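User: Hi! I am new to protein structures and would like to walk through one step by step. Could you help me read it?

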Amino acid sequence: MAAGSSSNYWEDLRKQARQLENELDLKLVSFSKLCTSYSHSSTREGRRDSSDTTPLLNGSSQDRMFETMAVEIEQLLGRLTGINDKMVEYTNSAGVPSLNAALMHTLQRHRDILQDYTHEFHKTKTNFLAVRERENLLGSVRKDIESYKSGSSVNNRRTELFLKEHEHLRNSDRLIEETISIAMATKENMTSQRGILKSIQSKMNTLANRFPAVNNLIQRINLRKRRDSLILGGVIGICTILLLLYAFH
């Protein structure tokens, strides 16, 4: 009865080990596909425009799936390790023939499977983390490049505005200089004309002082012209009044 119970316990451990190994095999296949798809999507994303926000959402979703699957696989590996430890304890327990070749072969096969799955999990996980770190680094570099390009374009626009403003200032300075030159030339002409008029007036005064008769003649002429103007103005005024009276009657 003890031997039968011991045999059943061993078979139960083997059944649990096989079940966990099958679950791990499926999980590791899905985990490997997830890491491969992440690597391919990050490679394609490197060729796209960094302004597209959809890949960022996909990357975040894949990160969450990676963390979830990694925890599940670690739990399964822990459970399988516990089953293997129980199998080792069973083979070392009293009443179990330690030299049973079939028993030791089965135990070794389960231990090798556990070791292979553990190695495959850590290898896939390390590759995924390396790809994600590289993608984060490339994303940071792309952002820096875009920021530099954006800053350069802003600086270029500012430089163009400064150059245009500088050109406007130069044109304004040139117009001001031309205006000042014209004003100076006008001032010089007016000064020259004033000198000429003063010279003519001085000569006229000299002539008037030398020839009083001429001065008197000029004054009489001016008086006669003024008198004629008054007479002409009076005649024009009377005619206008007569015309208005005739028009209203």
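Analyst: Happy to! Helices here are DSSP runs of at least four residues, numbered from the N terminus. Keep in mind that this is a predicted model. With that numbering, Isoleucine 241 falls within residues 212-248, and that stretch is helix H4.

User: How many helices and how many strands does the protein chain have?

Analyst: Reading from the N terminus, the elements run α-α-α-α. That pattern fits the count for the protein chain: zero strands and four helices.

User: What percentage of the residues count as buried?

Analyst: A residue is called buried when its relative accessible area is under 20%. The protein chain exposes about 19,200 Å², and carbon and sulfur atoms supply 59% of that area. Out of 249 residues, the share that counts as buried is 18%.

User: Which residues touch the most other members of the largest nonpolar core?

Analyst: In soluble globular proteins, nonpolar side chains tend to be buried together. The largest nonpolar core here has 28 residues. Helix H1 (2-47), helix H2 (54-92) and helix H3 (101-210) each give this core at least two residues. The members that touch the most others are Leu24, Phe31, Ile73, Leu77, Met87 and Phe121.

User: Which residues does isoleucine 73 touch, not counting residues up to four places away in sequence?

Analyst: A contact means heavy atoms within 4.5 Å. Isoleucine 73 is one of the residues that touch the most other members of the largest core. Leaving out residues up to four places away in sequence, its partners are Leu24, Lys27, Leu28, Phe31 and Phe121.

User: What share of the contacts with a separation of 6 or more comes from residues 24 or more positions apart?

Analyst: This question is about how far apart in sequence the touching residues are. Among the contacts in the protein chain with a separation of 6 or more, residues 24 or more positions apart account for 83%.

User: Now to the rings. Is the pair of tyrosine 9 and tyrosine 90 stacked, tilted or edge-to-face?

Analyst: The structure holds five aromatic pairs. In this one, the rings are 6.0 Å apart centre to centre, with 50° between the planes. Planes under 30 degrees apart count as stacked and those over 60 as edge-to-face, so the tyrosine 9 and tyrosine 90 pair is tilted.

User: How many residues apart are tyrosine 9 and tyrosine 90?

Analyst: Tyrosine 9 sits in helix H1 and tyrosine 90 in helix H2, so this pair links distant parts of the chain. Tyrosine 9 is partly exposed at 38% relative accessibility, whereas tyrosine 90 is buried at 11%. Along the chain, the two tyrosines are 81 residues apart.

User: What kind of pair do phenylalanine 66 and phenylalanine 128 form?

Analyst: Their centres are 3.8 Å apart and their planes differ by 15°. Phenylalanine 66 belongs to helix H2 and phenylalanine 128 to helix H3, 62 residues apart. Both are buried. Planes under 30 degrees apart count as stacked, so the pair of phenylalanine 66 and phenylalanine 128 is stacked.

User: Which residues do ring pairs link into a cluster?

Analyst: Phenylalanine 66 and phenylalanine 128, the stacked pair, belong to this cluster. The residues linked by ring pairs are Phe31, Phe66, Phe121 and Phe128.

User: Let's turn to charges. Which helices does the salt bridge of glutamate 72 and lysine 27 tie together?

Analyst: Side chains of opposite charge can pair when their charged atoms come close. A search of the whole structure finds five salt bridges. The one between glutamate 72 and lysine 27 has an N to O distance of 2.6 Å. Glutamate 72 and lysine 27 are 45 residues apart in sequence, and their bridge ties together helix H2 and helix H1.

User: Is arginine 132, the partner of glutamate 67, buried or exposed?

Analyst: The closest N and O atoms of glutamate 67 and arginine 132 are 3.6 Å apart, and the two form a salt bridge. Glutamate 67 is partly exposed, with a relative accessible area of 39%. Arginine 132 has a value of 18%, and because buried means under 20%, arginine 132 is buried.

User: Which residues do salt bridges that share partners join into one network?

Analyst: We have already met the bridge between glutamate 67 and arginine 132. The full network joined by shared partners is Asp63, Glu67 and Arg132.

Methods
Residues are numbered from 1 along each chain as its sequence is written. This is a predicted model: local features need pLDDT of at least 70, side-chain atom pairs count only at pLDDT 80 or more; totals for chains, interfaces and linings use all residues. Side-chain values use heavy atoms; hydrogens and water are left out. Buried means under 20% relative accessible area, exposed over 50%, partly exposed in between (1.4 Å probe, protein chains only). Accessible areas come from the Shrake-Rupley method with a 1.4 Å probe; for residues, only the protein chains shown count as cover. A nonpolar core is a set of buried Ala, Val, Leu, Ile, Met, Phe, Trp, Tyr and Cys residues joined through side-chain atoms within 4.5 Å. Rings of Phe, Tyr and Trp (its six-membered ring) pair if their centres lie within 6.5 Å; planes under 30 degrees apart count as stacked, over 60 as edge-to-face and the rest as tilted. A salt bridge is a side-chain nitrogen of Lys or Arg within 4 Å of a carboxyl oxygen of Asp or Glu.
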